[in-house]
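Here are a few exercises to work through with the model open beside you. Try each task before reading its solution.

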Amino acid sequence: MQTDKNILRSLQLTSLLRNFVCRKQAIIPMRKLYLVLITLLCCFDGKAQVQPSDSINFSLLTCSPGTKVYELFGHTAIRYENLSTGEDLVFNYGMFSFNTPHFAYRFVKGETDYQLGVIPYFYFRLEYAERGSTVYAQDLNLTTEEKQALLAFLQNNALPENATYRYNYFYDNCTTRARDAIEKAVRGKIVYPESDTLKSFRDIVHEYTAGYHWDEFGIDLCIGADADKPISGRLQMFAPFYTMNFMDKAYILSPKGEQRPLLTRKYTIVDTARIASTPSSFTPMWCMCLFLVLNLVVAWCQWRKKRIYKLYDLSIYGIQGLAGCVIAFLFFISTHPTVDSNWLILLFNPLPLLLIVWAHFFASPQSRKRYFVAKAVYLTLFIVAFGFIPQEISLSILPLAFGLWVNAVSHVLVYRE
């Protein structure tokens, strides 16, 4: 047991140092650093004896959402308490660094690496209290053998050579890792209640992005039809609060067929009111409606003056093409789940970048007219088929498509004359 404590000391110090550069929050203020160091000195007094087995407690911590896009779904961690030694640590699978080389590219490609860190409980609690997040604790009803197995598993996972893992926001994240660690330690299996409702990944995403219109719009642009399929209760546990709710009613089924509740109690360790988001009036729907109105005005001006505003064309089709490059990259290259079934690639793809340059600078007037006739027909088909596409698409895409259609039709009218 003394060896276990030495391992935890080493892991905690290593994780604490890594936390300064890898923590997804801002760099720790100096006053927090002093508190951390004081706590470490108190915990590592070198006088701990072999502790009684019932002095160890594990609990699952669930944190309510923050306001940043990567905080909207909440967070999960595992707390380890040793009443004999005074150790109180949190095993946190949610650490990553924005300073990782080529972070943005790796994130879009689906190669984001997260880490398991071991940090003092008081710092974890303080961080979420300052963020304004409520933190719930669920004490696990584990046997002595299961506690030792969970501790050994977490210690091994936190070693530098094992701490990093390939993050996947639906299938392998900080919540599923914590759940899987608990399941591995249990002798027998954990039986969760059946899900009451059929929900999809997108349904659950929308529950947590409510009020954050642009975050929701951006996520909806990226995930495809596979995100709309009903998923099992286990897959719903990618979201921290779904895991917390399933564990409330779960039980452990031993190899002998005996049952015991998974939890002994549930309580709140940080009680704060979530900072309510202030929805912006400039929502994606408003923005796209303004885009439609702008195209109507530009179309009328082009028709009246019998001329095409090439700079305007290059701007709107350039933006469409750049957005299409991101969607196409996700569709064909990224390893993120569900993005390769995105029907929005019909509207957002790189072709407008190439075709608009060709149409304005290299094509003959007759070829330009045929191109914009084809574009108007294509957009007409997209708009008519909008309600039949087997994917839940944001309604704000509809006025966007209408705006592009109006622009294409105005070109046809001008070139016809």
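**Exercise 1. A tilted ring pair**

Is W214 buried, partly exposed or exposed? Then find its partner ring and say which parts of the chain the two rings tie together.

Solution. Keep in mind that this is a predicted model.
- Step 1: W214 has a relative accessibility of 37%. Since buried means under 20% and exposed means over 50%, W214 counts as partly exposed.
- Step 2: W214 forms an aromatic pair with F282, with 6.3 Å between the centres and 35 degrees between the planes, and the pair is tilted.
- Step 3: W214 belongs to helix α8 (residues 213-222), while F282 sits in the loop between β12 and α11 (284-305), so the pair ties together parts that are 68 residues apart in sequence.
- Step 4: F282 is partly exposed as well, at 43% relative accessibility.

**Exercise 2. An edge-to-face pair**

Which geometry do the rings of Y93 and Y165 adopt, and are these residues buried or exposed?

Solution.
- Step 1: The search of the whole structure gives 24 aromatic pairs. In one of them, Y93 and Y165 meet edge-to-face, 6.0 Å centre to centre and with 75 degrees between the planes.
- Step 2: Y93 is in strand β3 and Y165 in strand β6, 72 residues apart, so look for distant parts of the chain linked by this pair.
- Step 3: Y93 counts as buried at 2% relative accessibility, and Y165 counts as buried at 4%.
- Step 4: Widen the view to the cluster linked by ring pairs, whose members include Y93, Y165, F103 and Y114.

**Exercise 3. The sheet and its edges**

Work out the strand order of the open sheet, and explain why β6 and β12 each have a side without a neighbour.

Solution.
- Step 1: The 7 strands follow the order β6-β4-β3-β2-β1-β5-β12, with antiparallel pairing.
- Step 2: β6 (164-166) and β12 (263-270) are at the edges with a single partner strand each, so one side of each has no neighbour in the sheet.
- Step 3: Within the sheet, 8 bridges join β1 (residues 56-63) to β2 (residues 75-82); L60 has I78 in β2 as its bridge partner.

**Exercise 4. Cysteines without a bond**

How many disulfides does the structure hold, and why is C289 not bonded to C287?

Solution.
- Step 1: The count is 0 disulfides.
- Step 2: The closest cysteine sulfur to that of C289 is in C287, 9.3 Å away, which is too far for a bond.

Notes. Residues are numbered from 1 along each chain as its sequence is written. This is a predicted model: local features need pLDDT of at least 70, side-chain atom pairs count only at pLDDT 80 or more; totals for chains, interfaces and linings use all residues. Side-chain values use heavy atoms; hydrogens and water are left out. A disulfide is a pair of cysteine sulfur atoms within 2.5 Å. Two strands pair if DSSP finds at least two bridges between them. Helices (H or I, at least four residues) and strands (E, at least two) are DSSP runs, numbered from the N terminus. Rings of Phe, Tyr and Trp (its six-membered ring) pair if their centres lie within 6.5 Å; planes under 30 degrees apart count as stacked, over 60 as edge-to-face and the rest as tilted. Buried means under 20% relative accessible area, exposed over 50%, partly exposed in between (1.4 Å probe, protein chains only).
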